[in-house]
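Open your viewer, switch on the cartoon view and keep the selection tool at hand. We will go from the whole chain down to single side chains.

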Amino acid sequence: MGKRKKGMRDQVEDLAGHLPDKKELLELRGEVMDRLPDKSELLAMRDQLIDRLPDDVSDRLPVETKKKKRFAGVRKVALVGLLAAAVGGVVAFLKAKADDAQVPPYTPPPAPNPSEPPQPTA
């Protein structure tokens, strides 16, 4: 097991000696970025590729579809819920107003006469 670790370390050291330094990596990155086509060229290449595809395949590609609206279903449910709550509130208000009109006003029970002794309740 000790031999494997030493062998692996040697391999890593050998590979690390062949890696480019930071300046070389930045130069390589710049060269690669210069070789890449810009966005308009990429779109033109995509359109050419789509034109070469058979019609039944190109019809199924989502190239020109509109972006789906996010949370469209949730918005519909929320709108229906708010509408139902508003209708329920109006109905409850009207029902309470109608019940108030039908209920006679509160009249307190007559006060007991102080000259009579209290009656025991069963």
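Start by following the cartoon from the N terminus: the order along the sequence is α-α-α-α-α. This is a predicted model, and its chain has five helices and zero strands.

Now show the surface of the whole chain. About 12700 Å² is accessible, and 62% of that belongs to carbon and sulfur atoms. Of the 122 residues in the chain, 2% are buried.

Next, select Asp21, Glu24, Glu27, Glu31 and Asp34, and colour them by charge. Together these residues form a negative surface patch. Zoom in on Glu27, which sits in helix H2. Is Glu27 buried or exposed? Its relative accessible area is 53%, so Glu27 counts as exposed, the cut-off being over 50%.

Keep the surface on and pick Val32, Met33 and Leu36. Here you will find a nonpolar patch of about 290 Å². Leu36 belongs to the loop that links helix H2 (22-35) to helix H3 (39-52).

For the last stop, show Arg46 and Asp47 as sticks. Which contact do their side chains make? They meet in a salt bridge, with 3.4 Å from N to O. The structure holds one salt bridge, so this pair is the one to label. Check how open each partner is: Arg46 has 37% relative accessibility and is partly exposed, while Asp47, at 35%, is also partly exposed. Both values fall between the 20% and 50% cut-offs, which is why neither residue is called buried or exposed.

Methods:
Residues numbered from 1 in each chain as written. Predicted model: local features only at pLDDT ≥ 70, side-chain atom pairs only at ≥ 80, totals over all residues. Heavy atoms only, no water. Patch = residues over 30% accessible without salt bridge, like charges linked within 9 Å, V, L, I, M, F, W, Y side chains within 5 Å. Areas by Shrake-Rupley, 256 points an atom, 1.4 Å probe, with all protein chains shown as cover. Salt bridge = Lys/Arg side-chain N within 4 Å of Asp/Glu carboxyl O. Helix = DSSP H or I, 4+ residues; strand = E, 2+ residues; numbered from the N terminus. Lys, Arg positive; Asp, Glu negative; His and termini not counted. Charge placed at Lys NZ, Arg CZ, Asp CG, Glu CD. Buried < 20%, exposed > 50% of the residue type's maximum accessible area, 1.4 Å probe, protein only.
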